[in-house]
Amino acid sequence: MDVDFFRQEAHRLVDWIADYYSEVEKYPVKSSVRPGSVFSAIPATPPVEPEDMACIFKDFENIIMPGITHWQSPGFFAYFPSNTSFPSLLAEMLSSALGTQCMKWETSPAATELEEAVMNWLKKMTGLPEYFEGVLQDTASTSTLCAILTAREKLTGFSGNNNGLSSYPGMRVYCSAEAHSSIEKAVKIAGIGRENLVKISTDKEFRMIPALLEEAIKQDIKSGLKPVCVVAALGTTGSTAVDPLAEISSICSRYKIWLHIDAAFAGSALLLPEYRWMLQGIEQADSFVFNPHKWLFTHFDCSAYFVKDSECLINTFKLVPEYLRSQIPDHVNDYSNWGIQLGRRFRALKLWFVIRSFGLSGLQQKLRHHIALARELQTWIEKHEHFELLAPVTFNLVCFRFHPRGVDNATELNRLNEQLLLAVNNTGKMYITHTKLKENYTLRMVTGQTHVELNHVQKAWDLIVEKAATVYNL
Ligand SMILES: Cc1ncc(COP(=O)(O)O)c(C=O)c1O
(Lines give C-alpha, C1' and ligand atoms only; values in the text may rest on other atoms or scores of the structure.)
Protein backbone atom coordinates (compact mmCIF):
# COMPACT_ATOMS: atom_id res chain seq x y z
CA MET A 1 0.00 0.00 0.00
CA ASP A 2 1.61 3.26 -1.02
CA VAL A 3 0.91 6.60 0.57
CA ASP A 4 -1.63 7.73 -2.06
CA PHE A 5 -3.62 4.56 -1.74
CA PHE A 6 -3.37 4.85 2.05
CA ARG A 7 -4.76 8.40 1.87
CA GLN A 8 -7.72 7.24 -0.22
CA GLU A 9 -8.48 4.27 2.06
CA ALA A 10 -8.06 6.33 5.22
CA HIS A 11 -10.56 8.93 3.98
CA ARG A 12 -13.00 6.17 3.20
CA LEU A 13 -12.55 4.68 6.66
CA VAL A 14 -13.04 8.00 8.40
CA ASP A 15 -16.35 8.31 6.54
CA TRP A 16 -17.22 4.79 7.61
CA ILE A 17 -16.37 5.61 11.23
CA ALA A 18 -18.47 8.81 11.17
CA ASP A 19 -21.40 6.85 9.70
CA TYR A 20 -20.91 4.13 12.30
CA TYR A 21 -21.22 6.59 15.15
CA SER A 22 -24.21 8.32 13.53
CA GLU A 23 -26.00 5.03 12.99
CA VAL A 24 -24.72 2.93 15.88
CA GLU A 25 -28.25 2.46 17.22
CA LYS A 26 -29.21 0.41 14.17
CA TYR A 27 -26.90 -2.44 15.27
CA PRO A 28 -28.03 -5.05 17.83
CA VAL A 29 -26.20 -3.87 20.94
CA LYS A 30 -25.08 -7.32 22.02
CA SER A 31 -23.69 -9.60 19.37
CA SER A 32 -25.73 -12.75 18.99
CA VAL A 33 -23.34 -14.83 16.89
CA ARG A 34 -22.99 -18.48 17.81
CA PRO A 35 -19.68 -19.56 19.41
CA GLY A 36 -17.20 -20.55 16.70
CA SER A 37 -19.04 -18.88 13.83
CA VAL A 38 -16.47 -16.11 13.32
CA PHE A 39 -13.56 -18.51 13.68
CA SER A 40 -15.00 -20.89 11.11
CA ALA A 41 -15.48 -18.05 8.62
CA ILE A 42 -11.73 -17.32 8.65
CA PRO A 43 -9.59 -19.52 6.40
CA ALA A 44 -7.41 -21.93 8.36
CA THR A 45 -4.30 -20.87 6.44
CA PRO A 46 -3.06 -17.33 5.85
CA PRO A 47 -3.09 -15.89 2.32
CA VAL A 48 0.10 -16.35 0.35
CA GLU A 49 -0.68 -13.68 -2.23
CA PRO A 50 -1.58 -10.07 -1.27
CA GLU A 51 -5.28 -9.44 -0.93
CA ASP A 52 -7.21 -6.47 -2.11
CA MET A 53 -8.19 -3.90 0.56
CA ALA A 54 -11.77 -3.85 -0.75
CA CYS A 55 -11.97 -7.59 -0.18
CA ILE A 56 -10.47 -7.35 3.33
CA PHE A 57 -12.92 -4.59 4.20
CA LYS A 58 -15.87 -6.57 2.86
CA ASP A 59 -14.91 -9.41 5.22
CA PHE A 60 -14.60 -6.93 8.06
CA GLU A 61 -18.20 -5.89 7.43
CA ASN A 62 -19.56 -9.37 6.80
CA ILE A 63 -17.59 -11.54 9.22
CA ILE A 64 -16.33 -9.27 11.98
CA MET A 65 -19.10 -6.72 12.44
CA PRO A 66 -21.81 -9.29 13.29
CA GLY A 67 -19.54 -10.56 16.06
CA ILE A 68 -19.10 -7.11 17.61
CA THR A 69 -20.92 -5.98 20.74
CA HIS A 70 -21.49 -2.26 20.41
CA TRP A 71 -20.00 -0.71 23.51
CA GLN A 72 -20.40 2.75 21.99
CA SER A 73 -24.14 2.37 21.49
CA PRO A 74 -26.27 4.48 23.82
CA GLY A 75 -28.25 1.26 24.38
CA PHE A 76 -25.19 -0.21 26.11
CA PHE A 77 -25.88 -0.25 29.87
CA ALA A 78 -23.83 -3.36 30.70
CA TYR A 79 -20.80 -3.97 32.97
CA PHE A 80 -19.08 -0.60 33.34
CA PRO A 81 -18.75 1.36 30.12
CA SER A 82 -15.54 1.47 28.14
CA ASN A 83 -16.51 4.76 26.70
CA THR A 84 -14.80 6.78 23.98
CA SER A 85 -15.17 10.22 22.48
CA PHE A 86 -14.23 11.81 19.20
CA PRO A 87 -11.24 13.77 20.60
CA SER A 88 -9.92 10.50 22.05
CA LEU A 89 -10.45 8.73 18.74
CA LEU A 90 -8.54 11.44 16.86
CA ALA A 91 -5.64 11.16 19.31
CA GLU A 92 -5.62 7.38 18.91
CA MET A 93 -5.37 7.88 15.15
CA LEU A 94 -2.34 10.11 15.64
CA SER A 95 -0.80 7.76 18.17
CA SER A 96 -1.22 4.88 15.70
CA ALA A 97 0.22 7.01 12.95
CA LEU A 98 3.31 7.86 14.97
CA GLY A 99 3.67 4.26 16.10
CA THR A 100 5.94 5.34 18.92
CA GLN A 101 7.04 2.98 21.63
CA CYS A 102 7.36 5.04 24.76
CA MET A 103 9.38 2.87 27.11
CA LYS A 104 12.02 5.47 27.94
CA TRP A 105 12.30 9.23 27.93
CA GLU A 106 14.58 9.19 24.92
CA THR A 107 12.41 6.83 22.90
CA SER A 108 10.00 9.77 22.65
CA PRO A 109 10.64 12.60 25.11
CA ALA A 110 7.28 14.19 24.31
CA ALA A 111 5.39 11.05 25.32
CA THR A 112 7.08 10.90 28.72
CA GLU A 113 6.78 14.59 29.44
CA LEU A 114 3.19 14.80 28.27
CA GLU A 115 2.40 11.84 30.55
CA GLU A 116 3.98 13.69 33.49
CA ALA A 117 2.00 16.83 32.71
CA VAL A 118 -1.31 15.06 32.11
CA MET A 119 -0.98 12.99 35.28
CA ASN A 120 -0.44 16.23 37.18
CA TRP A 121 -3.59 17.60 35.56
CA LEU A 122 -5.53 14.51 36.58
CA LYS A 123 -4.22 14.83 40.11
CA LYS A 124 -5.52 18.39 40.31
CA MET A 125 -8.79 17.50 38.61
CA THR A 126 -9.52 14.69 41.09
CA GLY A 127 -8.27 16.45 44.23
CA LEU A 128 -5.56 13.89 44.99
CA PRO A 129 -2.77 15.16 47.27
CA GLU A 130 -0.06 17.17 45.52
CA TYR A 131 2.69 14.72 46.54
CA PHE A 132 1.21 11.82 44.57
CA GLU A 133 2.98 10.98 41.31
CA GLY A 134 1.24 9.29 38.44
CA VAL A 135 1.90 6.85 35.63
CA LEU A 136 -0.41 5.44 32.98
CA GLN A 137 -0.85 1.69 33.08
CA ASP A 138 -2.94 -0.40 30.72
CA THR A 139 -5.61 -1.51 33.17
CA ALA A 140 -6.66 -1.29 36.81
CA SER A 141 -5.74 -4.97 37.12
CA THR A 142 -2.13 -4.10 36.27
CA SER A 143 -2.15 -1.04 38.54
CA THR A 144 -3.40 -3.13 41.46
CA LEU A 145 -0.81 -5.82 40.74
CA CYS A 146 1.87 -3.08 40.80
CA ALA A 147 0.53 -1.87 44.14
CA ILE A 148 0.56 -5.33 45.70
CA LEU A 149 4.02 -6.13 44.36
CA THR A 150 5.36 -2.82 45.67
CA ALA A 151 3.74 -3.38 49.07
CA ARG A 152 5.24 -6.87 49.14
CA GLU A 153 8.70 -5.56 48.27
CA LYS A 154 8.50 -2.80 50.86
CA LEU A 155 7.62 -5.37 53.51
CA THR A 156 10.65 -7.49 52.58
CA GLY A 157 12.99 -4.48 52.57
CA PHE A 158 13.11 -4.91 48.78
CA SER A 159 14.73 -8.33 49.13
CA GLY A 160 11.84 -10.42 47.80
CA ASN A 161 12.69 -9.63 44.20
CA ASN A 162 16.27 -10.81 44.76
CA ASN A 163 15.95 -13.72 47.12
CA GLY A 164 12.43 -14.97 46.60
CA LEU A 165 9.78 -15.05 49.27
CA SER A 166 10.77 -18.11 51.30
CA SER A 167 11.76 -15.96 54.29
CA TYR A 168 8.38 -14.23 54.21
CA PRO A 169 5.63 -16.83 54.51
CA GLY A 170 2.18 -15.81 55.61
CA MET A 171 1.83 -12.39 53.99
CA ARG A 172 -1.78 -11.21 54.14
CA VAL A 173 -3.81 -8.90 51.92
CA TYR A 174 -7.26 -7.55 52.87
CA CYS A 175 -10.15 -6.28 50.82
CA SER A 176 -13.92 -6.36 51.14
CA ALA A 177 -16.06 -9.29 50.08
CA GLU A 178 -17.35 -7.01 47.31
CA ALA A 179 -13.89 -6.10 45.94
CA HIS A 180 -13.04 -6.74 42.30
CA SER A 181 -11.57 -10.08 41.23
CA SER A 182 -8.42 -8.29 39.99
CA ILE A 183 -7.29 -8.12 43.63
CA GLU A 184 -7.55 -11.87 44.03
CA LYS A 185 -5.74 -12.33 40.74
CA ALA A 186 -2.94 -9.97 41.84
CA VAL A 187 -2.53 -11.76 45.19
CA LYS A 188 -2.48 -15.08 43.36
CA ILE A 189 0.27 -14.10 40.93
CA ALA A 190 2.32 -11.95 43.33
CA GLY A 191 3.44 -15.10 45.13
CA ILE A 192 1.38 -14.26 48.21
CA GLY A 193 -1.13 -17.00 47.60
CA ARG A 194 -4.83 -16.62 47.17
CA GLU A 195 -5.44 -18.29 50.55
CA ASN A 196 -3.83 -15.22 52.09
CA LEU A 197 -6.42 -12.83 50.73
CA VAL A 198 -8.77 -11.98 53.58
CA LYS A 199 -12.21 -10.88 52.44
CA ILE A 200 -13.80 -8.61 55.00
CA SER A 201 -17.59 -8.65 55.31
CA THR A 202 -19.61 -5.65 54.24
CA ASP A 203 -22.47 -3.72 55.80
CA LYS A 204 -25.98 -3.56 54.36
CA GLU A 205 -24.81 -1.01 51.79
CA PHE A 206 -21.97 -3.31 50.65
CA ARG A 207 -19.16 -1.25 52.26
CA MET A 208 -16.25 -2.84 54.09
CA ILE A 209 -16.77 -2.93 57.88
CA PRO A 210 -13.61 -1.32 59.33
CA ALA A 211 -13.99 -2.93 62.77
CA LEU A 212 -13.87 -6.37 61.13
CA LEU A 213 -10.80 -5.33 59.16
CA GLU A 214 -8.99 -4.34 62.34
CA GLU A 215 -10.08 -7.52 64.05
CA ALA A 216 -8.71 -9.64 61.18
CA ILE A 217 -5.40 -7.75 61.19
CA LYS A 218 -5.01 -8.18 64.95
CA GLN A 219 -5.77 -11.90 64.73
CA ASP A 220 -3.28 -12.35 61.92
CA ILE A 221 -0.51 -10.52 63.76
CA LYS A 222 -1.21 -12.64 66.83
CA SER A 223 -0.84 -15.77 64.69
CA GLY A 224 2.51 -14.59 63.33
CA LEU A 225 1.18 -13.61 59.90
CA LYS A 226 2.28 -10.41 58.13
CA PRO A 227 -0.31 -7.90 56.91
CA VAL A 228 1.08 -6.42 53.72
CA CYS A 229 -1.68 -4.50 51.99
CA VAL A 230 -5.29 -3.38 52.33
CA VAL A 231 -7.27 -2.59 49.20
CA ALA A 232 -10.17 -0.20 49.71
CA ALA A 233 -12.75 0.25 46.95
CA LEU A 234 -14.21 3.59 45.98
CA GLY A 235 -17.02 2.18 43.86
CA THR A 236 -17.27 -1.61 43.93
CA THR A 237 -18.08 -3.42 40.72
CA GLY A 238 -21.29 -4.99 42.01
CA SER A 239 -23.00 -1.89 43.34
CA THR A 240 -20.47 1.03 43.38
CA ALA A 241 -20.28 0.91 47.18
CA VAL A 242 -17.70 3.26 48.66
CA ASP A 243 -15.59 1.76 51.47
CA PRO A 244 -15.14 4.12 54.45
CA LEU A 245 -11.68 5.38 53.60
CA ALA A 246 -11.09 7.55 56.65
CA GLU A 247 -11.49 4.64 59.06
CA ILE A 248 -9.64 2.17 56.85
CA SER A 249 -6.72 4.51 56.36
CA SER A 250 -6.30 5.15 60.06
CA ILE A 251 -6.21 1.38 60.65
CA CYS A 252 -3.56 1.05 57.93
CA SER A 253 -1.42 3.77 59.39
CA ARG A 254 -1.79 2.32 62.92
CA TYR A 255 -0.49 -1.07 61.75
CA LYS A 256 1.82 0.36 59.05
CA ILE A 257 0.11 -1.46 56.18
CA TRP A 258 0.17 -0.36 52.54
CA LEU A 259 -3.18 1.11 51.56
CA HIS A 260 -4.16 0.81 47.91
CA ILE A 261 -7.36 2.40 46.64
CA ASP A 262 -9.25 0.85 43.76
CA ALA A 263 -11.45 3.57 42.26
CA ALA A 264 -11.34 2.01 38.78
CA PHE A 265 -14.79 3.15 37.73
CA ALA A 266 -16.01 5.73 40.23
CA GLY A 267 -12.74 7.65 40.46
CA SER A 268 -13.93 9.82 37.56
CA ALA A 269 -16.63 11.21 39.87
CA LEU A 270 -13.86 12.90 41.85
CA LEU A 271 -13.87 15.54 39.13
CA LEU A 272 -17.05 16.68 40.84
CA PRO A 273 -16.48 18.58 44.10
CA GLU A 274 -19.67 17.02 45.49
CA TYR A 275 -17.95 13.60 45.44
CA ARG A 276 -14.72 14.62 47.17
CA TRP A 277 -16.05 13.24 50.48
CA MET A 278 -14.87 9.87 49.18
CA LEU A 279 -11.27 11.01 49.59
CA GLN A 280 -11.41 11.61 53.32
CA GLY A 281 -8.38 9.72 54.61
CA ILE A 282 -6.47 9.80 51.31
CA GLU A 283 -3.40 11.31 53.02
CA GLN A 284 -2.56 7.91 54.52
CA ALA A 285 -3.02 6.02 51.25
CA ASP A 286 0.00 4.70 49.38
CA SER A 287 -1.49 4.17 45.95
CA PHE A 288 -4.64 4.94 44.00
CA VAL A 289 -6.01 3.84 40.64
CA PHE A 290 -8.83 4.97 38.43
CA ASN A 291 -9.57 4.26 34.78
CA PRO A 292 -10.20 7.13 32.39
CA HIS A 293 -11.00 4.32 29.94
CA LYS A 294 -14.12 3.51 31.92
CA TRP A 295 -15.93 6.76 32.57
CA LEU A 296 -13.78 9.58 31.28
CA PHE A 297 -14.38 9.34 27.53
CA THR A 298 -10.86 8.10 26.80
CA HIS A 299 -10.27 4.98 24.75
CA PHE A 300 -9.32 1.69 26.33
CA ASP A 301 -6.62 1.22 27.54
CA CYS A 302 -5.86 4.01 29.96
CA SER A 303 -5.51 3.43 33.69
CA ALA A 304 -4.23 6.26 35.88
CA TYR A 305 -2.10 4.93 38.71
CA PHE A 306 -0.83 7.25 41.45
CA VAL A 307 1.70 6.53 44.17
CA LYS A 308 2.79 8.44 47.23
CA ASP A 309 6.40 7.26 47.01
CA SER A 310 7.61 6.69 43.47
CA GLU A 311 10.97 5.44 44.80
CA CYS A 312 9.24 2.37 46.22
CA LEU A 313 7.58 1.67 42.90
CA ILE A 314 10.79 2.13 40.94
CA ASN A 315 12.79 0.00 43.40
CA THR A 316 10.31 -2.78 42.76
CA PHE A 317 10.37 -2.66 38.98
CA LYS A 318 13.58 -1.06 37.77
CA LEU A 319 15.87 -3.23 35.69
CA VAL A 320 18.20 -1.76 33.09
CA PRO A 321 20.00 -4.20 30.82
CA GLU A 322 22.97 -2.98 28.82
CA TYR A 323 20.97 -2.51 25.63
CA LEU A 324 18.68 -0.02 27.36
CA ARG A 325 21.39 2.09 28.97
CA SER A 326 21.70 5.65 27.76
CA GLN A 327 23.66 8.82 28.33
CA ILE A 328 20.57 10.71 29.38
CA PRO A 329 20.80 12.18 32.88
CA ASP A 330 19.04 10.40 35.71
CA HIS A 331 16.44 13.06 36.38
CA VAL A 332 14.27 12.08 33.41
CA ASN A 333 11.54 9.51 33.84
CA ASP A 334 11.81 6.17 32.16
CA TYR A 335 8.26 5.03 32.72
CA SER A 336 9.07 1.42 31.89
CA ASN A 337 10.64 1.37 35.38
CA TRP A 338 7.26 2.31 36.87
CA GLY A 339 5.49 -0.93 36.04
CA ILE A 340 5.55 -4.36 34.47
CA GLN A 341 5.83 -3.80 30.74
CA LEU A 342 8.88 -2.54 28.94
CA GLY A 343 7.12 -1.40 25.77
CA ARG A 344 4.48 1.27 26.30
CA ARG A 345 1.88 2.89 24.08
CA PHE A 346 1.54 6.66 23.80
CA ARG A 347 -1.53 6.83 26.05
CA ALA A 348 -1.08 10.35 27.35
CA LEU A 349 -2.00 11.83 23.97
CA LYS A 350 -5.64 10.75 24.10
CA LEU A 351 -6.05 12.03 27.65
CA TRP A 352 -4.56 15.36 26.62
CA PHE A 353 -6.97 15.63 23.69
CA VAL A 354 -9.94 14.67 25.86
CA ILE A 355 -9.16 17.01 28.75
CA ARG A 356 -8.47 19.97 26.45
CA SER A 357 -11.34 19.34 24.13
CA PHE A 358 -14.02 18.85 26.82
CA GLY A 359 -12.40 21.15 29.38
CA LEU A 360 -12.93 20.35 33.03
CA SER A 361 -16.39 21.92 32.92
CA GLY A 362 -17.41 19.84 29.88
CA LEU A 363 -16.31 16.64 31.61
CA GLN A 364 -18.14 17.63 34.78
CA GLN A 365 -21.27 18.36 32.79
CA LYS A 366 -21.21 14.91 31.16
CA LEU A 367 -20.61 13.12 34.45
CA ARG A 368 -23.42 15.01 36.18
CA HIS A 369 -25.72 14.27 33.26
CA HIS A 370 -25.02 10.53 33.59
CA ILE A 371 -25.63 10.68 37.32
CA ALA A 372 -28.90 12.56 36.77
CA LEU A 373 -30.02 9.86 34.29
CA ALA A 374 -29.40 7.18 36.91
CA ARG A 375 -31.42 9.17 39.46
CA GLU A 376 -34.28 9.41 36.98
CA LEU A 377 -34.22 5.65 36.45
CA GLN A 378 -34.09 5.19 40.22
CA THR A 379 -37.34 7.17 40.64
CA TRP A 380 -39.11 5.09 37.98
CA ILE A 381 -38.06 1.90 39.77
CA GLU A 382 -39.09 3.23 43.16
CA LYS A 383 -42.50 4.18 41.81
CA HIS A 384 -43.15 0.81 40.14
CA GLU A 385 -44.96 -1.63 42.39
CA HIS A 386 -43.28 -4.71 40.86
CA PHE A 387 -39.68 -3.52 40.82
CA GLU A 388 -37.28 -2.70 43.63
CA LEU A 389 -33.83 -1.22 44.14
CA LEU A 390 -31.23 -3.54 45.62
CA ALA A 391 -28.48 -1.02 46.42
CA PRO A 392 -28.11 2.72 46.95
CA VAL A 393 -27.57 4.71 43.75
CA THR A 394 -24.36 6.63 44.45
CA PHE A 395 -23.13 7.35 40.90
CA ASN A 396 -24.66 6.15 37.65
CA LEU A 397 -25.16 2.46 38.37
CA VAL A 398 -28.65 1.32 39.26
CA CYS A 399 -29.02 -2.14 40.86
CA PHE A 400 -32.56 -3.44 40.87
CA ARG A 401 -34.80 -6.43 40.27
CA PHE A 402 -38.22 -7.41 39.13
CA HIS A 403 -40.22 -8.41 42.20
CA PRO A 404 -43.81 -9.20 41.32
CA ARG A 405 -45.98 -8.67 44.35
CA GLY A 406 -46.74 -11.96 46.07
CA VAL A 407 -43.65 -13.78 44.77
CA ASP A 408 -41.30 -14.06 47.71
CA ASN A 409 -39.38 -17.23 47.04
CA ALA A 410 -35.71 -16.25 46.59
CA THR A 411 -34.96 -18.94 44.00
CA GLU A 412 -38.04 -18.02 41.99
CA LEU A 413 -37.12 -14.33 42.04
CA ASN A 414 -33.61 -15.14 40.87
CA ARG A 415 -35.01 -17.27 38.04
CA LEU A 416 -37.45 -14.57 36.93
CA ASN A 417 -34.75 -11.91 36.83
CA GLU A 418 -32.38 -14.13 34.91
CA GLN A 419 -35.14 -14.70 32.36
CA LEU A 420 -35.88 -10.99 32.22
CA LEU A 421 -32.23 -10.17 31.55
CA LEU A 422 -32.16 -12.64 28.68
CA ALA A 423 -35.43 -11.36 27.27
CA VAL A 424 -34.33 -7.72 27.14
CA ASN A 425 -30.86 -8.50 25.81
CA ASN A 426 -32.26 -10.79 23.12
CA THR A 427 -34.15 -7.86 21.60
CA GLY A 428 -30.79 -6.37 20.56
CA LYS A 429 -32.12 -2.96 21.56
CA MET A 430 -30.21 -2.73 24.82
CA TYR A 431 -27.68 -4.60 26.88
CA ILE A 432 -27.60 -4.95 30.65
CA THR A 433 -25.67 -7.37 32.85
CA HIS A 434 -26.16 -8.76 36.34
CA THR A 435 -24.47 -9.52 39.61
CA LYS A 436 -25.51 -11.16 42.85
CA LEU A 437 -25.98 -8.95 45.89
CA LYS A 438 -26.61 -10.90 49.09
CA GLU A 439 -27.42 -13.91 46.89
CA ASN A 440 -30.10 -11.94 45.03
CA TYR A 441 -29.86 -11.96 41.25
CA THR A 442 -29.46 -8.25 40.54
CA LEU A 443 -29.92 -6.38 37.29
CA ARG A 444 -27.21 -3.73 36.82
CA MET A 445 -27.86 -0.81 34.53
CA VAL A 446 -25.13 1.81 34.06
CA THR A 447 -25.95 5.14 32.45
CA GLY A 448 -22.39 5.99 31.52
CA GLN A 449 -22.12 5.58 27.77
CA THR A 450 -20.78 8.78 26.22
CA HIS A 451 -23.85 9.50 24.10
CA VAL A 452 -26.61 8.18 26.35
CA GLU A 453 -29.58 10.50 26.77
CA LEU A 454 -32.86 10.43 28.66
CA ASN A 455 -34.75 8.99 25.69
CA HIS A 456 -32.40 5.96 25.61
CA VAL A 457 -32.87 5.31 29.31
CA GLN A 458 -36.63 5.75 28.97
CA LYS A 459 -36.78 3.32 26.03
CA ALA A 460 -34.68 0.79 27.92
CA TRP A 461 -36.90 1.05 31.02
CA ASP A 462 -40.07 0.67 28.94
CA LEU A 463 -38.59 -2.45 27.36
CA ILE A 464 -37.68 -3.91 30.76
CA VAL A 465 -41.24 -3.34 32.02
CA GLU A 466 -42.71 -4.79 28.81
CA LYS A 467 -40.51 -7.92 28.98
CA ALA A 468 -41.19 -8.36 32.71
CA ALA A 469 -44.82 -8.98 31.81
CA THR A 470 -43.73 -11.79 29.49
CA VAL A 471 -41.67 -13.64 32.10
CA TYR A 472 -44.36 -13.40 34.80
CA ASN A 473 -48.03 -12.99 34.26
CA LEU A 474 -48.95 -10.08 36.53
C1 LIG B 1 -13.69 -1.77 40.92
C2 LIG B 1 -12.93 -2.36 39.76
N3 LIG B 1 -11.63 -2.61 39.89
C4 LIG B 1 -10.91 -3.13 38.89
C5 LIG B 1 -11.49 -3.43 37.67
C6 LIG B 1 -10.65 -4.02 36.57
O7 LIG B 1 -10.45 -3.07 35.58
P8 LIG B 1 -9.50 -3.34 34.33
O9 LIG B 1 -10.34 -3.97 33.29
O10 LIG B 1 -8.99 -1.99 33.95
O11 LIG B 1 -8.40 -4.24 34.79
C12 LIG B 1 -12.85 -3.20 37.49
C13 LIG B 1 -13.52 -3.51 36.22
O14 LIG B 1 -14.66 -3.30 36.01
C15 LIG B 1 -13.59 -2.64 38.56
O16 LIG B 1 -14.90 -2.42 38.46
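These exercises, each with a worked solution, concern a predicted model.

**Exercise 1. The sheet**

Find the order of the strands in the open sheet of 7 strands, and name its edge strands.

Solution.
- Step 1. Going across the open sheet, the strands come in the order β1-β7-β6-β5-β4-β2-β3, and their pairing is mixed.
- Step 2. β1 (133-137) and β3 (197-200) each pair on one side only, and these are the edge strands.
- Step 3. From one strand to the next, the twist averages 20°.
- Step 4. Helix α5 (residues 109-126) packs on this sheet and touches β1, β6 and β7. The direction of α5 makes about 80° with that of β7.

**Exercise 2. Two pairings inside the sheet**

Determine in which sense β6 pairs with β7, and in which sense β4 runs with β5.

Solution.
- Step 1. Strands of a sheet pair through backbone hydrogen bonds, and the sense is either parallel or antiparallel.
- Step 2. β6 (residues 287-290) and β7 (residues 303-307) are antiparallel, with 4 bridges. Here Phe290 stands opposite Ala304 of β7.
- Step 3. β4 (residues 226-233) and β5 run parallel and are joined by 5 bridges. Val230 has Leu259 in β5 as its bridge partner.

**Exercise 3. The surroundings of β5**

Explain why β5 is described as largely enclosed by the rest of the structure.

Solution.
- Step 1. The cut-off for a buried residue is under 20% relative accessible area.
- Step 2. In β5, 5 of the 5 residues are buried, so the strand is largely enclosed.
- Step 3. In a regular strand, side chains alternate between the two faces of the sheet.
- Step 4. Both faces of β5 are covered: buried Trp258, His260 and Asp262 are on one side, and buried Leu259 and Ile261 are on the other.

**Exercise 4. Ser249 and Arg276**

Decide for Ser249 and for Arg276 whether the residue is buried, partly exposed or exposed, and list the contacts of each beyond four places in sequence.

Solution.
- Step 1. Ser249 is found in helix α10 (residues 245-255). Its relative accessibility is 1%, so Ser249 counts as buried.
- Step 2. Apart from neighbours within four places in sequence, Ser249 is in contact with Leu259, Gly281 and Gln284.
- Step 3. Arg276 has its place in the loop between β5 (258-262) and β6. With a relative accessible area of 30%, Arg276 is partly exposed.
- Step 4. With neighbours within four places in sequence again left aside, Arg276 is in contact with Lys124, Met125, Thr126, Gly127, Leu270 and Leu271.
- Step 5. From Arg276 to Asp138 there are 138 residues in sequence, and 25 Å in space, C-alpha to C-alpha.

**Exercise 5. Pockets and a cavity**

Describe the largest pocket, the second largest pocket and the largest cavity by volume and lining.

Solution.
- Step 1. The largest pocket holds about 720 Å³ of space. It is lined by 29 residues, and Lys318, Leu319, Val320, Asp334 and Asn337 are the closest to its centre.
- Step 2. Helix α12 (residues 310-317) gives the most to this lining, with 5 residues. The classes in the lining of the largest pocket are 12 nonpolar, 8 polar and 9 charged.
- Step 3. The volume of the second largest pocket is about 560 Å³. Its lining counts 19 residues, with Tyr20, Tyr21, Gln72, Leu89 and His299 the closest to the centre.
- Step 4. At least two lining residues of the second largest pocket come from each of α1 (3-23), α3 (53-64) and α4 (86-98), and α1 gives the most, with 5. By class, this lining has 12 nonpolar, 6 polar and 1 charged residues.
- Step 5. The whole structure has 1 cavity of 30 Å³ or more. The largest cavity has a volume of about 50 Å³, and the residues lining it include Val135, Tyr335, Trp338 and Arg344. They divide into 5 nonpolar, 4 polar and 1 charged.

**Exercise 6. Unusual backbone**

Locate the cis peptide bond between Phe300 and Asp301, and place Phe297 and Lys438, which have positive phi.

Solution.
- Step 1. Most peptide bonds are trans, and most residues other than glycine have a negative phi.
- Step 2. The bond joining Phe300 and Asp301 is cis, with omega about 5°. Asp301 is in the loop between α11 (292-295) and β7.
- Step 3. Phe297 is also in the loop between α11 and β7, and its phi is near 60°. Phe297 is buried, with a relative accessible area of 0%.
- Step 4. Lys438 lies in the loop between β10 (433-437) and β11 (440-446), with phi near 50°. At a relative accessible area of 48%, Lys438 is partly exposed.

Notes: Residues numbered from 1 in each chain as written. Predicted model: local features only at pLDDT ≥ 70, side-chain atom pairs only at ≥ 80, totals over all residues. Heavy atoms only, no water. Pairing = 2+ DSSP bridges. Axes fitted to C-alpha atoms, helices over the stretch in contact; angles between N-to-C directions. Contact = heavy atoms within 4.5 Å. 1 Å grid on protein atoms, 1.4 Å probe; cavity = no way out; pocket = protein on both sides within 12 Å on 5 of 7 lines; lining within 4 Å. Points joined across faces, edges and corners; volume = space filled by probe spheres on them. Nonpolar A, V, L, I, M, F, W, Y, C, P; charged D, E, K, R; others polar. Buried < 20%, exposed > 50% of the residue type's maximum accessible area, 1.4 Å probe, protein only.
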